[in-house]
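These are my notebook entries, written while I looked things up one at a time. I begin with the contacts and then move on to what lies inside.

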2 protein chains.
Amino acid sequence: MDVRKSGGADRSGGRGAARQPRATQADRRARTRAALLESAARGLSRYGYGNLRLEQVAQDAGYTRGALYHQFTGKQELTLAVTEWVLDTWWQEVGVLVERAPDPVAALLTLARGHAVYCRRDIARVAMALRLEFAGQDHPVGRAIEQGYRDLLDRCTALIEAAREGGAIPDGPDGPPAGTLALAFVGAIEGTSIALSGHAPHDAPLVARAAAGALGLTYDPGEHPAPDRTAHRRTTRRGTS
Amino acid sequence: MDVRKSGGADRSGGRGAARQPRATQADRRARTRAALLESAARGLSRYGYGNLRLEQVAQDAGYTRGALYHQFTGKQELTLAVTEWVLDTWWQEVGVLVERAPDPVAALLTLARGHAVYCRRDIARVAMALRLEFAGQDHPVGRAIEQGYRDLLDRCTALIEAAREGGAIPDGPDGPPAGTLALAFVGAIEGTSIALSGHAPHDAPLVARAAAGALGLTYDPGEHPAPDRTAHRRTTRRGTS
DNA sequence: TAACATACATACATGGATGTACGTAAGAGC
DNA sequence: GCTCTTACGTACATCCATGTATGTATGTTA
């Protein structure tokens, strides 16, 4: 009921992010929101939606459930925000590289390697965990995830069709349709990336090899240099003290 | 499995499985247990452990929670029983084929194709769903799943090492260790199999291609004939009378 | 058919997580 | 300075799923 404030520690509201003695409201709000989003992403990645406890999310971010409910209407909206954030991040880090690729095959293999690098973070499994958890349901979170997945599949399908027309991907008479190939391609990338999470630097080339195999190509590592800059370090630890 | 031989409607207790007017207690018990296990496997595959509702499990099997708690001590034991059942089934259907393979590479590719075929059923995702859900936790179910997964990885690692010694799998100086390759191999298989679930007959060759790619080989479909007998039909629909 | 055990249903108790209402401190405009 | 709004914590209410206790019908054995 009463919170003593005499001790000099812990000003500027939450202690999840850096503390500035003179923070504007918008700053506080943005920092708190970011901390909660990151914590929720980590939690969703580890435990999934159903097992996620908002008390734990808030505590990991350095707040209480009160702060969380002040920023989000509830668990669902929080998860939707995390979803949007993760998809945006993916696009900024991986999608951009794919767009710059000179040809369809290079784009597909860049996608594979880029996703492997992206998955080095602990939030990697958010998308897959939510997609599995809500598969076949009719839940807003499931729809959002499924929409992102469908976009990715469409893009891969288009790239595969282009590569087939150019003769870069073999296309026998009884070969699978491009959409099925895209499913296999994305599935191979996701499965391998998650399995190899935490096994850099072998992750990227192995994921690319599996993805290339699904497409019916042989992967030449020299042909397309790895996109790995430095291993990602964000969202791995939260600042304490 | 079910032979009704008399017109009497709905005797012998539960109506989930076949009904026999003169069923012995052991028969009733076994049938009920099987129906509950199958229903639970389907539920776990779709919703995972946390989101699984025992009321729904019992109802889908044609019983109430009372029957479930009479056969199992609770959710955990039920899930452990499902886990054991799924792993046993996998071994009987896939593991046997792998053991019969003439050489390590054939064994690995047989494993890939066999798993794809195994995943045509709707209980395919049980193992992966539980493994993701309990990853990093210390839960009995997680331990059981992890144990099965570790056995699989060990076996694949041994096969990969044997294939490398025989020169069948390339092994460069800075190539990944066999354990890492096994992770990639299994991950590629799991991801591709789940993504292609419901896309027969392309599933098996595509999974094999992705798995072969992870190993650094090119997959020749003619070299190892597909193991697909007929598509599995068990555990796909429940009788509703 | 009398007694006992088993299979299963029904009703109740409990706990844990969500969501809501309310209270307090701190920024923002005057 | 005063007032309003925002950020956040605390306490309460509610719901839902599990687990348990009890009741009933059916097999089983004498």
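Before the first entry I wrote down what I would count as a polar contact, namely a pair of N or O atoms within 3.5 Å. I also noted that this is a predicted model.

**Entry 1: DNA strand D**

I first looked up A:R28, where an N or O atom of the side chain is 3.3 Å from a sugar or linking oxygen of DNA strand D, and this pair therefore falls inside the 3.5 Å cut-off for a polar contact. I then turned to the phosphate oxygens of DNA strand D and found one at 2.6 Å from a polar side-chain atom of A:T64, while in chain B the side chain of B:T24 has an N or O atom 2.6 Å from a phosphate oxygen of this strand. When I asked which elements give two or more residues to the surface near DNA strand D, I found α1 (25-47) and α3 (65-71) of chain A together with α3 (65-71) of chain B.

I listed the surroundings next: there are 22 residues around DNA strand D, and those that come nearest are A:R29, A:T32, A:T64, B:T24 and B:R65. By class, I noted 7 nonpolar, 9 polar and 6 charged residues on this surface. Which part of the strand lies within 4 Å of the protein, sugar or phosphate, or bases? Of the atoms of DNA strand D within that distance, 75% belong to sugar or phosphate, and the rest belong to bases.

**Entry 2: DNA strand C**

I repeated the search for DNA strand C, which is surrounded by 22 residues, with A:T24, A:R65, A:Y69, B:T32 and B:T64 as the closest. Here 76% of the strand atoms within 4 Å of the protein belong to sugar or phosphate, and the rest to bases.

For the phosphate oxygens of DNA strand C I recorded two contacts made by the backbone of chain A: a polar backbone atom of A:L52 is 3.0 Å from one such oxygen, and a polar backbone atom of A:L54 is 3.3 Å from a phosphate oxygen. From chain B, I noted an N or O atom in the side chain of B:T64 at 2.5 Å from a phosphate oxygen of DNA strand C. I found that α3 of chain A, and α1 (25-47) and α3 of chain B, each supply at least two residues of the surface near this strand, and that the surface divides into 7 nonpolar, 9 polar and 6 charged residues.

**Entry 3: cavities**

How many cavities of 30 Å³ or more does a search of the whole structure find? I recorded 5 of them, and the largest has a volume of about 240 Å³. Its lining is made of 20 residues, of which A:A129, A:L132, A:E133, B:A129 and B:E133 are the closest to its centre. Both chains take part, since α1 and α6 (126-134) of chain A and α1 and α6 (126-134) of chain B each supply at least two lining residues, and α1(A) gives the most, with 4 residues. The lining divides into 7 nonpolar, 8 polar and 5 charged residues.

**Entry 4: chain A and the cysteines**

I counted 9 helices and 0 strands in chain A, and buried residues make up 49% of its 241 residues. A search of the whole structure finds 0 disulfides over all chains. I also checked two cysteines of chain B: B:C119 is buried, with a relative accessible area of 1%, and B:C156 counts as buried because its relative accessibility is 0%.

Technical notes
Residues are numbered from 1 along each chain as its sequence is written. Chains are lettered from A and ligands numbered from 1 in the order in which they are written. This is a predicted model: local features need pLDDT of at least 70, side-chain atom pairs count only at pLDDT 80 or more; totals for chains, interfaces and linings use all residues. Side-chain values use heavy atoms; hydrogens and water are left out. A residue is near a molecule or strand if one of its heavy atoms lies within 4 Å of it. A polar contact is a pair of N or O atoms within 3.5 Å; within protein, one must be able to donate a hydrogen and the other to accept it, and residues adjacent in sequence count only if both atoms are side-chain atoms. Ala, Val, Leu, Ile, Met, Phe, Trp, Tyr, Cys and Pro count as nonpolar, Asp, Glu, Lys and Arg as charged, and the others, Gly among them, as polar. A disulfide is a pair of cysteine sulfur atoms within 2.5 Å. Buried means under 20% relative accessible area, exposed over 50%, partly exposed in between (1.4 Å probe, protein chains only). On a 1 Å grid over the protein atoms alone, a cavity is a set of points where a 1.4 Å probe fits but cannot get out, and a pocket is an open set with protein on both sides within 12 Å along at least five of seven lines; lining residues have an atom within 4 Å of a point. Grid points are joined across faces, edges and corners, and a volume is the space filled by probe spheres set on the points.
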